[in-house]
Amino acid sequence: MNKLIWRQSLIFVLLLSFLGCAAVETVTTVATDVAVHTGKISRQQADSIRKGTAAVSKSLEDFTPEQEYYIGRSVGAVVLNKYQPLANTKVNSYLNLLGQTLAQASDMPELFGGYHFLALDSDDINAFATPGGHIFITRGLIRCCRTEDALAAVLAHEIGHIQLRHGMRAIEKARITEALTILAQEGAKSFGSQAISQLTQAFGGAIADITNTMINSGYSRAYEYQADAAAVVILQRTGYNPGALSEMLHVMAKQIKPGGTDFAKTHPSPQNRIAELQAAGKSFAVSQTPAIRKERFVKAIGQL
């Protein structure tokens, strides 16, 4: 392929970051038509450029709430392939009552499919929040919560990940980067079936990107601290003690094993999270839990 034509088409692709997707695809169509008519590239090469541009264009589109929900369901299926759900109706009903209350006080109270909360039958200390509103918390992490306020802090943190779209952010950049890398590598020649296949895989890898981030590598420290800050706001709005987040982290610090494969691997240390809350002025004294909350918590979680 003529190198000048390739550079021009790549510039069109990069302009997707600044122009509307439809506009850039139109420009690319015109440019490739001109290149074909002047004999610079073949019709097959023009089709390849258009497919590549359309693919990158699609990767930059905003996901709809419906798309996020179904992505979240797929991610949730992966989580449930790793962890068995806890077969305890009382615990799960309680989690959903508490979680729905907190979600309504978040900055994203309404989702396409609503929020869903489920306990996992595992002694691992972990929790996951998928795009679209699916939140999972292990039995091991629930046991780290000594009060309803502490459990509310955990759920509020996961709701924070959802309202900040951390799951979706984890895939969008990776998909675009991978796609542009493939485009650049194939730039000096015509796109072949292998290149198009690679592009398709890049755009179809959203589920793998999210699950790998959530389960294996974890979000960035910045994202975890942002979710903590969001949790404090949600707790304040619902009348829960925001100091319960630090309380829960203190308990967790004694429970998790350094170098473990669960929370210790995918989150900043509890000590660092506590320090960040203090530095941001979001550290609060732990107050007495109302009797009704104690009773409700013990009744639902006490035998777990």
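This report walks through the folded chain, from its overall make-up to a few individual residues.

## The chain as a whole

The structure you are looking at is a predicted model. Its protein chain contains 15 helices and three strands. Of the 304 residues in the chain, 48% are buried.

How do distant parts of the sequence feature in the contacts? Among contacts with a separation of 6 or more, 72% are between residues 24 or more positions apart. One pair to look for is Ile256 and Asp124: they are 132 residues apart along the chain, and their C-alpha atoms are separated by 8.7 Å. Ile256 sits in the loop between helix 12 (243–255) and helix 13 (263–266). Although it belongs to a loop, Ile256 counts as buried, with 15% relative accessibility.

## A small sheet

Let us turn to the strands. The three of them form an open sheet in the order 1-3-2, with mixed pairing. Strand 1 (116–120) and strand 2 are at the edges; each has a single partner strand, so one side of each has no neighbour in the sheet. From one strand to the next, the twist averages 15°.

Strand 2 and strand 3 (residues 134–138) are antiparallel partners, paired over four bridges. You can trace two of the partnerships residue by residue: Phe128 has Phe136 in strand 3 as its bridge partner, while Ala129 has Ile135 in strand 3. Three residues lie between the strands of this hairpin, and Gly132 there takes a positive phi near 90°.

## Helices against the sheet

Two helices to find next are helix 4 and helix 5. Helix 4 (residues 65–82) packs on the sheet and touches strand 1, strand 2 and strand 3. The direction of helix 4 makes about 20° with that of strand 3. Helix 5 (residues 89–104) also packs on the sheet, where it touches strand 1 and strand 3. The direction of helix 5 makes about 140° with that of strand 1.

## A closer look at strand 2

Which way do the side chains of strand 2 point? Ala127 and Ala129 point one way, Phe128 and Thr130 point the other way, and all of them are buried. Side chains in a regular strand alternate between the two faces of the sheet.

Thr130 is worth a second look. It belongs to strand 2 (residues 127–130) and is buried, with a relative accessible area of 1%. Leaving out residues up to four places away in sequence, Thr130 touches Gly72, Val75, Gly76, Phe136, Ile162 and Met214.

## Nonpolar cores

Now for the interior. The largest nonpolar core has 46 residues, and those with the most contacts inside it are Leu95, Leu102, Leu141, Ile142, Leu151 and Met248. Helix 7 (residues 148–163) gives the most to this core, with nine residues. Apart from it lies another core, made of 13 residues, including Ile71, Val75, Val79 and Ile215.

Which residues surround Leu102? Setting aside its neighbours within four places in sequence, Leu102 is in contact with Ala152, Leu155, Ala156, Ile159, Ile234, Leu235, Thr238 and Tyr240.

## A buried glutamate

Is Glu148, a residue of helix 7, buried or exposed? Glu148 is buried, with a relative accessible area of 1%. What does its side chain join? A polar contact of 2.7 Å links the side chains of Glu148 and Tyr94.

Beyond residues up to four places away in sequence, Glu148 touches Tyr94, Leu98, Tyr240, Arg293, Arg296 and Phe297. Tyr240 also appears among the contacts of Leu102.

## Two cysteines without a bond

How many disulfides does the whole structure have? A search finds zero. Cys144 and Cys145 show what this looks like up close. The cysteine sulfur closest to that of Cys144 is in Cys145, 6.7 Å away, which is too far for a bond. A disulfide needs its two sulfur atoms within 2.5 Å.

Cys144 is buried, with 2% relative accessibility. Cys145 is buried too, with a relative accessible area of 4%.

Definitions and conventions:
Residues numbered from 1 in each chain as written. Predicted model: local features only at pLDDT ≥ 70, side-chain atom pairs only at ≥ 80, totals over all residues. Heavy atoms only, no water. Core = buried A, V, L, I, M, F, W, Y, C linked by side-chain atoms within 4.5 Å. Buried < 20%, exposed > 50% of the residue type's maximum accessible area, 1.4 Å probe, protein only. Contact = heavy atoms within 4.5 Å. Polar contact = N/O pair within 3.5 Å; in protein donor to acceptor, adjacent residues only side chain to side chain. Pairing = 2+ DSSP bridges. Axes fitted to C-alpha atoms, helices over the stretch in contact; angles between N-to-C directions.
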